[in-house]
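Welcome! Take a moment to look over the model below, and then we can walk through a few of its features together.

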Amino acid sequence: MAKLVVLTEGFAGRSYDLKGEKTTIGRVEDNAFQIPEPSVSSHHCEIQFRGADCMVRDLDSTNGTFINGERVKEAALKPGQVLQLGGIQLRFEDEKGAAAKPKQVVESTHPGVKLSSLEPGAKPANLPTDALFRKKSNKINLAFTVAGIVLGVIVVGLLLWAIIRAG
């Protein structure tokens with residue numbers, strides 16, 4: 001049976017058996033595999049088996065879905081490859097691939113950042129500032145804000161007009 005094994009410190013050793021055709025992964029409880037970590041989106045990605053292929057599809061996550069350090073929107077996941085969701089790394093294993101490939105030691109929580117180079121409270125120099133916890137643009141909120149301001153100006157104008165006419 002295929003499974004995902006969490007490699008990231010604090011979650012290391014935790015695994016999830018991929019049962020069924022589709023598995024959703026994310027931070028909230030309604031996912032098949034819940035990873036309660038802030039850099040993982042509420043509905044981060046889904047894994048779907050298509051014949052013998054295991055496909056990963058990003059669900060418009062904030063911090064992206066990566067396979068072996070390369071950002072993907074949708075891609076095949078092979079045994080032994082490392083899947084990264086935000087700051088969480090998972091190794092994909094199946095009954096054939098897990099036995100054939102030696103266990104890989106992962107020393108980073110983000111591509112290019114080694115855990116050994118971090119001191120408590122220190123920020124790594126080579127970590128992109130926009131890589132984690134990016135805020136998605138939200139055009140609907142902007143539209144409502146502009147509409148509210150315009151409506152407010154109209155109401156104030158009508159009140160002033162009514163006061164001037166009455167006086």
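## A nonpolar patch and an open sheet

In this predicted model, a nonpolar patch on the surface is formed by L142, V146, V150, I154, L158 and W161, which together have about 610 Å² of accessible area. One of these residues, I154, sits in helix 2, which covers residues 139-166. I154 is partly exposed, since its relative accessible area is 45%. In general, an α-helix has 3.6 residues a turn, so residues three or four places apart point the same way.

How far does helix 2 reach from its first C-alpha to its last? Its 28 residues span 41 Å, close to the 40 Å expected at 1.5 Å a residue. The number of buried residues among these 28 is 0, so helix 2 lies largely in the open.

Now let us turn to the sheet. It is open and built from 5 strands in the order 4-3-5-6-9, with mixed pairing. Strand 4 (33-34) and strand 9 (74-76) are at the edges: each has a single partner strand, so one side of each is left without a neighbour in the sheet.

Strand 3 (residues 22-26) pairs with strand 4 in the parallel sense over 2 bridges. Strand 3 and strand 5 (residues 45-50) run antiparallel and are joined by 4 bridges. Here are some of the residues that face each other:

| Residue | Partner | Strand of the partner |
|---|---|---|
| I25 | F33 | strand 4 |
| G26 | Q34 | strand 4 |
| I25 | C45 | strand 5 |

I25 thus appears twice, with F33 in strand 4 and with C45 in strand 5.

Conventions:
Residues numbered from 1 in each chain as written. Predicted model: local features only at pLDDT ≥ 70, side-chain atom pairs only at ≥ 80, totals over all residues. Heavy atoms only, no water. Patch = residues over 30% accessible without salt bridge, like charges linked within 9 Å, V, L, I, M, F, W, Y side chains within 5 Å. Areas by Shrake-Rupley, 256 points an atom, 1.4 Å probe, with all protein chains shown as cover. Salt bridge = Lys/Arg side-chain N within 4 Å of Asp/Glu carboxyl O. Buried < 20%, exposed > 50% of the residue type's maximum accessible area, 1.4 Å probe, protein only. Pairing = 2+ DSSP bridges. Expected span 1.5 Å × (residues − 1).
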